[in-house]
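Trainee: I'd like a close look at one helix in this model and at what surrounds it. Please take one part and follow it outward.

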Amino acid sequence: MKSKILLVVCILTGLIFINAGLNKFFNYMPVPEDLPEDLMKLMQAMMTIKWLMPLVAIAEILGGILIIPARTRAVGALILFPIMIGILLTHFYFAPDGLLLPIILAIVVGWILFENRKKYAELFK
C-alpha cells in the first residue's frame with residue numbers, strides 16, 4: 001500500500017515539476033498580478049542571467065521525469081533537492097502566503113530521499 005501511495009505522489013510531483021520547467025520555456029501560465037514587489041525584482045534579476053532559467057527549467061523537467069519511475073526516483077530526487085531548497089527559501093522570504101504547495105513538495109522530495117537513503121550511503125563513505 002505504501003508503495004502505491006508513493007507512486008501516485010511521485011507521479012503528481014513529477015508532473016508539477018515538468019509543468020513548471022516547461023512553463024519557463026513556453027510561458028503558457030500567466031504571472032499573477034499580486035506578486036510582491038521584492039519577488040518581482042528577484043525574478044527580473046534572475047532573468048538577466050541568460051543561462052539561469054533554462055538551467056533551472058531543464059533540471060525541473062529532468063528531475064520531474066526521473067522521479068516518476070521507481071528505478072530512477074533516487075536520482076530524480078537528488079536533482080530536485082537543490083531546486084526545492086530554492087523554491088522554499090524564495091517563498092519563505094518573498095511570498096510566505098504561497099508556502100503550502102512548496103512545503104508539500106519538499107515533504108515528498110524528503111520522503112523519496114529518506115526511502116532511498118541506502119542508495120546514497122555509498123556517496124558518503
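Mentor: What follows is a walk along one helix, then its neighbours, then a few single residues. Keep in mind that this is a predicted model.

Start with helix H3. Helix H3 covers residues 52-67, which is 16 residues. From first C-alpha to last, helix H3 reaches 22 Å, close to the 22 Å expected at 1.5 Å a residue.

Which residues of H3 are buried? They are Met 53, Val 56, Ala 57, Ala 59, Glu 60, Ile 61, Gly 63, Gly 64, Leu 66 and Ile 67. Look at the spacing with helix geometry in mind. An α-helix has 3.6 residues a turn, so residues three or four places apart point the same way. What covers these buried residues of H3? The cover includes H1, helix H2 (37-48), helix H4 (73-94) and H5.

Now take H3 against H4. The two axes come within 8 Å and cross at roughly 140 degrees. That angle makes H3 oblique to H4, because only angles over 145 degrees count as roughly antiparallel. The crossing of H3 and H4 is left-handed. On the H3 side, the contact uses Val 56, Ala 59, Glu 60, Leu 62, Gly 63, Gly 64, Leu 66 and Ile 67. On the H4 side, their partners are Arg 73, Val 75, Gly 76, Ala 77, Ile 79, Leu 80, Ile 83 and Ile 87. By type, the residues of this H3 and H4 contact split into 11 nonpolar, three polar and two charged.

Glu 60 deserves its own stop. Glu 60 sits in helix H3. Is Glu 60 buried or exposed? Glu 60 is buried, because its relative accessible area is 3%, and buried means under 20%. Set aside its neighbours within four places in sequence, and Glu 60 is in contact with Phe 17, Ile 18, Ala 20, Gly 21, Lys 24, Leu 80, Ile 83 and Ile 87. Among the H4 residues that meet H3 are Leu 80, Ile 83 and Ile 87.

Move to H1, one of the helices that cover H3. Helix H1 spans residues 2-26, and helix H5 spans residues 100-115. Their axes come within 11 Å and cross at roughly 130 degrees. That makes H1 oblique to H5. The H1 and H5 crossing is left-handed. H1 brings Lys 2, Ile 5, Leu 6, Val 9, Cys 10, Thr 13, Ile 16 and Phe 17 to the contact. H5 answers with Leu 101, Leu 105, Val 108, Trp 111, Ile 112 and Glu 115. The residues of this contact divide into 11 nonpolar, one polar and two charged.

Leu 15 also belongs to helix H1. Leu 15 counts as partly exposed, at 47% relative accessibility. Its C-alpha is separated by 16 Å from that of Ala 74, and the two are 59 residues apart along the chain.

Next, the loop between H1 and H2. Asn 27 is found there. Its backbone stands out. Most residues other than glycine have a negative phi. Asn 27 has a positive phi of about 50 degrees although it is not a glycine. Asn 27 is exposed, because its relative accessible area is 59% and exposed means over 50%.

Back to H4 for one more residue. Thr 90 lies in helix H4. With a relative accessible area of 24%, Thr 90 is partly exposed. Not counting residues up to four places away in sequence, Thr 90 touches Leu 39, Leu 42 and Ala 95. Thr 90 and Tyr 28 are 62 residues apart in sequence and 22 Å apart in space, C-alpha to C-alpha.

Finish with Lys 119. Lys 119 lies in helix H6, residues 117-120. Lys 119 counts as partly exposed, at 48% relative accessibility. Leaving aside its neighbours within four places in sequence, Lys 119 is in contact with Ala 70 and Ala 74. Lys 119 and Val 75 are 44 residues apart in sequence, and their C-alpha atoms are 9.7 Å apart in space. Val 75 is one of the H4 residues that meet H3.

Definitions and conventions: Residues numbered from 1 in each chain as written. Predicted model: local features only at pLDDT ≥ 70, side-chain atom pairs only at ≥ 80, totals over all residues. Heavy atoms only, no water. Axes fitted to C-alpha atoms, helices over the stretch in contact; angles between N-to-C directions. Helix = DSSP H or I, 4+ residues; strand = E, 2+ residues; numbered from the N terminus. Parallel < 35°, antiparallel > 145°, perpendicular 65-115°, else oblique. Left-handed = near helix turned anticlockwise from the far one by under 90°. Contact = heavy atoms within 4.5 Å. Nonpolar A, V, L, I, M, F, W, Y, C, P; charged D, E, K, R; others polar. Expected span 1.5 Å × (residues − 1). Buried < 20%, exposed > 50% of the residue type's maximum accessible area, 1.4 Å probe, protein only.
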